[in-house]
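I opened this notebook page to record what I looked up about ring contacts, surface patches and backbone angles. The entries follow the order in which I went through them.

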Amino acid sequence: MEWLNFYGLIFLILIMLPNIVFAATHKDGFENSYRNKHAEIFEQIGRAGCFAFIFIQIPPLVKGFYFHGALIFYLAVGGALTLTYLAGWAFLWKENSVRKSLLLSIVPSALFFSCGAFTLNFPLLVSAAIFAPCHILISYKNAKRN
């Protein structure tokens, strides 16, 4: 088992691209009107873990692809989720809505979960389990308030 998963790194880079463009074009940033310190802290912990463990694999904690052909499913599902995320950003760029917030929070959560599941990457699965509910909650609440 390799320590680095370059496919996961590619998925991560691709889903970060629209976020980088957004940050560059919106100098004032994103206003977080939903204040829940616990959700925010756990979201950041989960996000950091997801970002790290999607491409860093610690051999005793990552069992690798657990069935024949799992790499194909990993790439297909990961690629489809990544493309869905990029398309969501492209088509909903100017929209501020609950559907945009949910799409752009559920899809990366599903990407992290699926990458963790296909590779039996336990740190990624735990990180995704922390990140997903907090990220979706914060995104939804902010969209509802705006």
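My entries below begin with the aromatic rings, go on to the nonpolar surface and end with one backbone angle. I keep in mind throughout that this is a predicted model.

**Aromatic pairs**

I first looked up the aromatic pairs, and the structure holds 11 of them. I then took up phenylalanine 22 and tryptophan 89, whose ring centres are 5.7 Å apart and whose planes stand at 45°, and I noted the pair as tilted. Since planes under 30 degrees apart would count as stacked and those over 60 as edge-to-face, an angle between these limits leaves the label tilted. Which helices does this pair link? I found phenylalanine 22 in helix α1 (residues 6-25) and tryptophan 89 in helix α3 (residues 70-91), so that the pair links distant parts of the chain, 67 residues apart. I also checked the accessibility of tryptophan 89, which counts as buried because its relative accessibility is 7%, the limit for buried being under 20%.

Next I turned to tyrosine 66 and phenylalanine 67, where the ring centres are 5.2 Å apart and the planes lie at 75°, so I recorded this pair as edge-to-face. Are these two rings buried or exposed? I noted that tyrosine 66 is partly exposed, with a relative accessible area of 47%, and that phenylalanine 67 likewise counts as partly exposed, at 31%. Following these rings further, I saw that Tyr66 and Phe67 belong with Phe73 and Phe118 to one aromatic cluster.

**Nonpolar patch**

I then looked for nonpolar surface and found a patch of about 750 Å², made by Tyr7, Ile10, Ile13, Leu14, Leu17, Ile20, Phe65, Leu71 and Leu75. Which helix gives the patch its largest share? I traced that share, 6 residues, to α1, while noting that α1 and α3 each supply at least two residues. Of the patch members I examined leucine 75 more closely: this residue is found in helix α3, and at 31% relative accessibility leucine 75 counts as partly exposed.

**A positive phi angle**

Last, I looked up leucine 120, whose phi is near 50°, a positive value in a residue other than glycine. Where along the chain does leucine 120 lie? I placed leucine 120 in the loop between α4 (98-118) and α5 (122-145). I recorded leucine 120 as partly exposed because its relative accessible area is 23%, and the range for partly exposed runs between the 20% and 50% limits.

How values were computed:
Residues numbered from 1 in each chain as written. Predicted model: local features only at pLDDT ≥ 70, side-chain atom pairs only at ≥ 80, totals over all residues. Heavy atoms only, no water. Phe/Tyr/Trp six-rings, centres within 6.5 Å; stacked < 30°, edge-to-face > 60°. Helix = DSSP H or I, 4+ residues; strand = E, 2+ residues; numbered from the N terminus. Buried < 20%, exposed > 50% of the residue type's maximum accessible area, 1.4 Å probe, protein only. Patch = residues over 30% accessible without salt bridge, like charges linked within 9 Å, V, L, I, M, F, W, Y side chains within 5 Å. Areas by Shrake-Rupley, 256 points an atom, 1.4 Å probe, with all protein chains shown as cover. Salt bridge = Lys/Arg side-chain N within 4 Å of Asp/Glu carboxyl O.
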